[in-house]
Amino acid sequence: MSATTFGRRRALQLGGLATLAGLAGCSGKSLGDSGSGSGGGSKELQFMFWGSTAEQKAISNMLKAFEQEKSGVTVKPVFTPADYDTKLNALVASNRQPDLCYMQSPMGYRLAEQGKLVNLYPYFDKYPDLANRLPGTYFWWDKGKTYGTQSANEIMSLWYSKPALSEAGVETPPAEADKAWSWDTFVQNAYKLTLDQNGKHPDEDGFDPKRIRQYGVSAGLGPTVYQPLLLSRGINFADDTGRKSMLDTPEAIEVFQNLADLMYKHRVAPTPAQLGNNAPSTTVQLKTRRVAMVIDGQWTLLDLAQGKLEFGMGVLPKYSKPMTITLGGATAIFSSTKHEQEAVELYLFHDNPTKVDLFSTGLWMPLEKRYYTDPKDIDVWTKNDAHPAEYKTAGVDYTMNSSAPYFYQKLRNIEAIDKVLTPAIQVIQQGKTPAADVLKPLAAKLNGGLLQGTYPTNGS
């Protein structure tokens with residue numbers, strides 16, 4: 001479910017739908033008729049997915065394990081690392097879609113409403129592990145109709161370099177939600193962690209902002225960064241109806257201006273220009289001490305754990321209450337499959353932490369509630385070298401007690417919204433226009449017909 005970690009992070013920070021495409025072309029061989037047999041009475045399924053080389057290997061191994069457990073079924077992996085949406089849309093248009101695949105949630109809603117995806121709700125009674133997942137991970141498009149859940153869960157976290165904080169005399173960010181730093185404390189510590197080439201901090205005379213050796217934090221103004229802070233401030237992107245924007249409220253303006261001020265007023269975070277288009281990953285930036293702290297997704301743990309560096313995981317800074325978001329790309333089953341029962345069984349197999357090592361290696365978080373509440377099930381995916389000691393409170397408990405779904409996965413008409421939203425937020429991120437001057441006309445535009453409500457939060 002990952003491209004490069006940094007590519008994923010920048011997609012998350014700078015654009016919304018790119019995030020969903022990164023979360024969940026074809027290979028050299030083209031897809032044939034979906035579900036066609038491979039001879040000898042075997043039932044063949046095709047599983048189309050994106051991801052990094054590590055993810056390709058993990059998914060391919062998972063599919064082989066499924067074949068071994070499910071006699072008479074073969075699964076063809078269709079790894080598509082580039083131009084995924086374009087290729088999938090082309091396959092759907094030519095009626096050559098796979099049986100199962102990763103999918104952006106907006107595309108999933110559209111195809112489900114057209115009757116092209118399997119409604120998994122009727123399988124809830126038969127498969128409790130499908131029915132007992134985190135509520136925010138489901139993609140309901142109507143009453144009693146869901147095309148499934150995220151492929152895996154993710155949250156946003158605060159990652160940091162232990163040596164950088166130790167040398168600056170800064171206590172490590174809290175790993176418990178109720179102890180989260182206030183925004184002001186977060187900024188104060190970012191000052192202490194920001195150094196120019198002469199070792200001066202931004203609030204010291206002689207500080208050279210053009211020669212910064214180490215930034216205190218890297219954050220950005222992407223939706224996965226600002227939504228948790230909006231929630232912490234007591235609001236969301238839109239009201240509960242999904243038809244009125246909250247971006248023109250004083251609370252939202254404060255959040256966006258504070259994020260921009262990290263870069264341009266406080267000078268404790270790199271600007272997009274300073275990061276550059278080909279900046280290294282979160283892991284490399286922490287390891288080389290280019291930055292001391294980074295707001296990034298839980299998925300970056302995969303690279304951090306393999307990066308041979310001393311890192312830690314904390315909860316995000318807060319305003320009034322500690323909050324993060326849950327998010328992830330979808331996996332869906334096409335209704336054109338000739339082997340629906342086997343496809344459903346593979347669907348359940350592919351996101352099972354006991355079958356796929358992407359959970360234990362740090363890329364994915366589970367979907368079922370029991371993996372967050374039962375100590376034995378928590379150990380299944382967190383009791384290993386990849387997950388730091390503080391993960392129970394900073395990851396598991398944080399998810400269960402202080403999270404809300406990513407708004408891109410719940411709003412109707414999000415593709416049209418994104419075309420207006422993303423460039424507007426990028427104007428704020430350029431630092432030349434006050435947040436209020438961008439957000440007020442943006443909210444008016446969103447309220448002018450772009451906001452069309454939300455998808456159901458449950459199947460009832």
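How many Å apart do the C-alpha centres of domain 1 and domain 2 lie? I looked this up at the start of the session and got 32 Å. The model I am working from is a predicted one.

**Confidence**

I checked the pLDDT before going further. The protein averages 91, and 91% of the residues score at least 70. I then noted two stretches with low values. Over residues 1-14 the pLDDT is below 50, and I found 65 contacts for this stretch beyond near neighbours in sequence. Residues 24-39 also stay under 50, and the model has 51 contacts for them beyond four places in sequence. I leave the details of these contacts alone, because predicted coordinates should not be read in detail where pLDDT is low.

**Domain bounds**

I took domain 1 as 43-153 + 328-351. Domain 2 I took as 156-326 + 408-454. Each domain is thus listed as two segments of the chain.

**The interface**

Next I looked at where the domains touch. I find 11 residues of domain 1 in contact with seven residues of domain 2. The area buried between domain 1 and domain 2 comes to about 750 Å², and carbon and sulfur atoms give 36% of that area.

Which residue forms a salt bridge with Glu113? I traced the partner to Arg412, with the closest N and O atoms 3.7 Å apart. The count between the two domains is one salt bridge. I also recorded five residue pairs in polar contact between domain 1 and domain 2, both residues of each pair being at pLDDT 80 or more.

**The domain 1 side**

I then asked which elements give two or more residues to the side of domain 1 that touches domain 2. They are helix 5 (105-113) and strand 4 (138-142). Helix 5 supplies the largest share of that side, four residues. By class, I sorted the residues of this side of domain 1 into five nonpolar, five polar and one charged.

Technical notes. Residues numbered from 1 in each chain as written. Predicted model: local features only at pLDDT ≥ 70, side-chain atom pairs only at ≥ 80, totals over all residues. Heavy atoms only, no water. Domains from an automatic or database assignment. Contact = heavy atoms within 4.5 Å. Buried area = accessible area lost by both parts, 1.4 Å probe. Salt bridge = Lys/Arg side-chain N within 4 Å of Asp/Glu carboxyl O. Polar contact = N/O pair within 3.5 Å; in protein donor to acceptor, adjacent residues only side chain to side chain. Nonpolar A, V, L, I, M, F, W, Y, C, P; charged D, E, K, R; others polar. pLDDT = per-residue confidence, 0-100.
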